[in-house]
Amino acid sequence: TAPAAPARPTGPEKVVPFKAGEALTYDVSWSDYVTAGTATLTVRDKRPSFGSTAYYLVAEGRPTSLVSKLYAVYYKADSLVDVYTLLPQRGSVFSQENSRQRMKETRFDQSKREAIFQMKTSTTMVQDQPLPGPTHDGLSALAAMRTLAFAPGASTSFAVSDSGYLYRVTLNVTGKETIQSGLGSSPAWKVVPSIRDAKGQAVGRGLAVWISDDARRLPVRIQAQLPVGSFVLTLRDAR
């Protein structure tokens, strides 16, 4: 059974650099493909949710028509992020790779330090997940990253639940760089995440996020080294 709606967190809403209606569009490069696809990150709305109020964040990714002929893939992640804590209430990831579909959903009860993870393929798997404390998912972590107090050498650490697994993520601000994007040339803070699994082993390589040094704190560039190649997302448009 799903956790009951927890009591609304007390205190004011978190001050954030985004608002309902924000829509970010990215060009995705992958290995030798200069443009392998597009990705969008949107704040769809701000709504009553689980006894509180939440931003509804949605990320989608699609390949270009050329790449889809080689490998048809579609990803959609969404998260209900509490406006008072910036922690997720519920998050899901839907993926379709060629003919295979998978739906993963995590429901969080932050006050009870527990979550329920469910994965649907041809069968359904459900597991309880104890949380070590305040725990993010991928989208809420990116939203929270935009609220950091940026300064060279600044660092913060938190737990992340992803696909039923827990990770410890430390964000390290290495400094400012000039980044070219669809918005032109602009200074941005480089944030390098360090990720460790439940056994303390490092996971993920070549991860970095550049956050614009302005009032909107936009993720202008995101890069990751994955087993299938190097991905880079470059902001094309921000509305």
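**Exercise 1. Determine how the radius of gyration of the protein compares with that of a compact globule.**

Solution. The radius of gyration is taken over C-alpha atoms, and the globule rule is 2.2 Å times the number of residues to the power 0.38. For 239 residues, a compact globule would have a value near 18 Å. The protein has 18 Å, which agrees. Along the principal axes, the C-alpha trace spans about 45 × 45 × 35 Å.

The model is predicted: local features need pLDDT of at least 70, side-chain atom pairs count only at pLDDT 80 or more, and totals for chains, interfaces and linings use all residues. Residues are numbered from 1 along each chain as its sequence is written, and side-chain values use heavy atoms, with hydrogens and water left out.

**Exercise 2. State whether D82 is buried or exposed, and identify the residues that it touches.**

Solution. First, locate the residue: D82 is found in strand β4, residues 73–82. Strands (E, at least two residues) are DSSP runs, numbered from the N terminus. Next, apply the cut-offs: buried means under 20% relative accessible area, exposed over 50%, and partly exposed in between (1.4 Å probe, protein chains only). D82 has a relative accessible area of 4%, so D82 is buried. Finally, list the contacts (heavy atoms within 4.5 Å). Leaving aside residues up to four places away in sequence, D82 touches P9, S52, T53, A54, L87 and Q89.

**Exercise 3. Explain which parts of the chain the salt bridge between D27 and R236 ties together.**

Solution. Side chains of opposite charge can pair when their charged atoms come close. A salt bridge is a side-chain nitrogen of Lys or Arg within 4 Å of a carboxyl oxygen of Asp or Glu. In the pair of D27 and R236, the closest N and O atoms are 2.8 Å apart. D27 lies in strand β1 (residues 23–30) and R236 in strand β16 (residues 229–238), so the bridge ties together parts that are 209 residues apart in sequence. D27 is partly exposed at 26% relative accessibility, and R236 is partly exposed at 38%.

**Exercise 4. Describe the salt bridge between R90 and D78, and name the network to which these residues belong.**

Solution. The closest N and O atoms of R90 and D78 are 3.4 Å apart. R90 is in strand β5 (residues 88–97) and D78 in strand β4, 12 residues apart. Both partners are then classified: R90 counts as buried at 14% relative accessibility, and D78 counts as buried at 9%. Salt bridges link D78, R90, E105 and R107 in a network. The structure holds 14 salt bridges.

How values were computed. Helices (H or I, at least four residues) and strands (E, at least two) are DSSP runs, numbered from the N terminus.
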